[in-house]
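The following paragraphs explain how selected helices and chains are arranged in the structure shown here. The reader is invited to keep the display in view while following the text.

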Amino acid sequence: MGTFDAIYAAALLVMDPTVLLTALLAGMFGMFVGAMPGLTATMATALLVPITFFMDPIPALAAIVTASGMAIFAGDIPGALLRIPGTPASAAYVEDSHRLARQGKLNLALGVSLVVSCIGGLFGIAVLFLAAPILAEFALKFTSYEYFWLAALGLSCAIFIASAAPLKAGISLLIGLALATVGLDPTTGVPRFTFGSTNLLAGVEFIPAMIGLFALAEVMRGVIRLNSADPVQAMPVSSGPLFKGVGGVIRKHPKNILRSSILGTLIGALPGAGADIAAWMAYAVSKRFSKTPEAYGKGHVEGLVDASSANNAAVGGSWIPALVFGIPGDSVTAIVIGVLYMKGLNPGPTVFLQNPQLIYAVFIIFILSTLLLLPLGWATVRAARQVLRVPRRILLPMVLSFCLVGSFAMTNSSFGIIVMLALGLFGWLLEENGFPVAPIILGLVLGPMFERMFMTSMIKSGGDLSAFFDRPIAAVLGVCVLLLWSYALISAVNRMARKKGLA
Amino acid sequence: MRVTDALSGALFIAIGLFIFQVASGFPNPGGMPYGASLLPRILGAGLMIGGGLLVIGDIVSRRAAGAPVALAALEPELKSPRGLLPAAMVLVLVLGHILLAQTLGYLAVSIIGLTLLFLSVRLSWSASIGLALAGSLLCWWLFAGLLRVPLPRGLLEGFL
């Protein structure tokens, strides 16, 4: 079958009313789940799987593609309104979007986020469409050394994103990495830090942990101030159309959008690295190259433009290795690969030869779902703004209620609630003392991959550290990481010296 | 609770030492010089160094400022029942779900706990009970009904 025949066949498959209706419903579902604090795009996809089991391959894929893309954008909404990122991919710029909302620029923050999400998403699809085989082949040549440095680069970003206190951010990161070591060691199978608990053998579940760190801590901070003499200042509601001023911001930062879309797609295309890391990296890169790095984390729109386009670009990118070689780019595509196997379609190069119309159908679904992002996103933002009219003394207990059932749902036991409570209280204490909590989540998410790659590399090289720089790409990545760290150390020493000079 | 960097630094040194100690007991696979204990020990050492830097930094800046600062201070809001009561009720609700939900059921724990929490933030009795009922039933419908999450039924086993 020629390429054009395949595209025509794919279009016929997609332009079926059932498929289109499924995509619309799944999109609304994704918007809802993503907008609920603590419920992630991964969870939206996982919850869809039992339903897609009863569908044909094309509507099943349409449901998953649409829901995951919507959920990634919708995660920005509670981030801006409540400072609770709806999904981990929104965590990098939650501080900026929330401060913008507090300044009365909620519409600008969400409007920009929506439009650049759409642009980033379309860019990711274009790359998926044109360069899928080449890029995946490139990523396939990576060994544990390259992956190790890549994970190290992602983790280092956690420290540079944290605004004023790299030392405290570093400690938070170490705590997150240490939490990730709880459970059965992936290389040797030894139980670590489980203290006899069978629940802990599987490790610290990261979704209840995130709900605790970001949501429970926020609820605690909020409720103790509810009855005080001076009530928490209500967030000014910005009126007017959602997309007002968005065009100006986009015209001002076309380079940021392009750079972050490329970065997001590349990171998404690497197995094991998805939208979360793409957002963190794009934010850190944006801050480094910005003319106003001091404004980041204080309600600056530039970081939002970068990170928000990168995380949606990564969604498209993560499908490259998934479709071409059957290697998941992130947790969402891992679920998708499972679904494809259930349908008897083994993802890999053979799908391109035997069922090319299926691959092109996925591409078309991707384009449709990204375009659907604009109207659905607009409607969701409109509805979500009603949240502002709910008094905080009603909202906070309700948020707590959702945290409780959400944490329970991840483990189907009260263990999820225990994890949420422990990390919530710990995170609350840390934040009151100036320790950022976002690096804990990054450490927890990237920790297992970081350690597995580190141990594999150590075992392969017999403990010879120079092997980490033997391969050219590994060497480049490694030098990048070391440069970042030396830069941080030198500037820390400089700061101390300057302080002493003043004293 | 706000504590000085010296105190939190000391705490992280203790945590780092604990991680290092426990991890040192992990066995290495047959004859290899490293294994499950390698990364946790690096992390433990990192926490000890980071904690140490916090302590040193705090002492240096304290000496420069010359004024004594309390080692730990409670948020002013938590010193009065106005702030303490809602915080306690949040804990009651969460602990209730952990300890009592299996026997009493999700709905009973959620309705009672939410009512107490709403009352503690000074909503009226009728509003508290109404909102607690609505919130709990909404969560039940959404998670147990639509999403098929096996929320504990407890006392209502057999009725729902």
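The model is predicted, and the account begins with two helices of chain A. α4(A) and α17(A) cross in a right-handed sense. Helix α17 of chain A comprises residues 356-384, and its axis lies 8 Å from that of α4(A), at an angle of about 40°. Angles under 35 degrees would count as roughly parallel; α4(A) and α17(A) are therefore oblique to each other.

The residues that form this contact can be traced on both sides. From α4(A), Ile58(A), Leu61(A), Ala62(A), Val65(A), Thr66(A), Gly69(A), Met70(A) and Phe73(A) take part. Among their counterparts in α17(A) are Leu358(A), Val362(A), Ile365(A), Phe366(A), Leu373(A) and Val381(A). The contact of α4(A) with α17(A) contains 15 nonpolar residues, four polar residues and no charged residues.

α4(A), which spans residues 57-74, also packs against helix α2 (residues 17-35) of chain A. The axes of α2(A) and α4(A) come within 7 Å and cross at roughly 30°. These two helices are therefore roughly parallel to each other, and α2(A) passes α4(A) in a right-handed crossing. On the α2(A) side, the contributors include Val19(A), Ala23(A), Ala26(A), Gly27(A), Gly30(A) and Met31(A). On the α4(A) side, they include Pro59(A), Ala63(A), Ala67(A), Ala71(A) and Ala74(A). By class, the residues of this contact divide into 14 nonpolar, five polar and no charged. Ile58(A), Ala62(A), Thr66(A), Met70(A) and Phe73(A) of α4(A) appear in the contact with α2(A) and also in the contact with α17(A).

Elsewhere in chain A, Leu263(A) is part of helix α12, residues 254-269. Leu263(A) is separated from Ala278(A) by 15 residues in sequence, while their C-alpha atoms are 7.1 Å apart in space. With residues up to four places away in sequence left out, Leu263(A) touches Met281(A), Ala282(A) and Val285(A).

Chain B offers a further helix pair. Helix α5 covers residues 106-120 of chain B, and helix α6 covers residues 125-146. Their axes are 8 Å apart and meet at an angle of about 145°, with α5(B) passing α6(B) in a right-handed crossing. Tyr106(B), Ile111(B), Leu114(B) and Phe118(B) are among the α5(B) residues in this contact, and Trp125(B), Ile129(B), Leu133(B) and Trp140(B) among those of α6(B). Here there are 14 nonpolar and four polar residues, and no charged ones.

The two chains meet through 63 residues of chain B and 63 residues of chain A. About 5,500 Å² is buried between them, 81% of it given by carbon and sulfur atoms. Tyr34(B), Leu39(B) and Leu43(B) supply 11% of the area that chain B buries against chain A, more than any other three residues.

Confidence should guide how these details are read. Chain B averages a pLDDT of 87, with 94% of its residues scoring at least 70. Its elements range from a mean of 79 in strand β2 (residues 72-73) to 94 in α5(B). Chain A averages 78, and 81% of its residues reach at least 70. Within chain A, helix α16 (residues 349-354) has the lowest mean pLDDT, 63, and helix α19 (residues 415-432) the highest, 91. Over residues 229-234 of chain A the pLDDT is below 50, and this stretch has four contacts in the model beyond near neighbours in sequence. Where pLDDT is low, predicted coordinates should not be read in detail.

Methods:
Residues are numbered from 1 along each chain as its sequence is written. Chains are lettered from A and ligands numbered from 1 in the order in which they are written. This is a predicted model: local features need pLDDT of at least 70, side-chain atom pairs count only at pLDDT 80 or more; totals for chains, interfaces and linings use all residues. Side-chain values use heavy atoms; hydrogens and water are left out. pLDDT is the predictor's confidence in each residue, from 0 to 100. Helices (H or I, at least four residues) and strands (E, at least two) are DSSP runs, numbered from the N terminus. Axes are lines fitted to C-alpha atoms, for helices over the stretch in contact, and angles run from 0 to 180 degrees between N-to-C directions. Angles under 35 degrees count as roughly parallel, over 145 as roughly antiparallel, 65 to 115 as roughly perpendicular and the rest as oblique. A crossing is left-handed if the near helix is turned anticlockwise from the far one by less than a right angle, and right-handed if clockwise. Contact means heavy atoms within 4.5 Å. Ala, Val, Leu, Ile, Met, Phe, Trp, Tyr, Cys and Pro count as nonpolar, Asp, Glu, Lys and Arg as charged, and the others, Gly among them, as polar. Buried area is the accessible area (1.4 Å probe) that two parts lose on being put together, summed over both.
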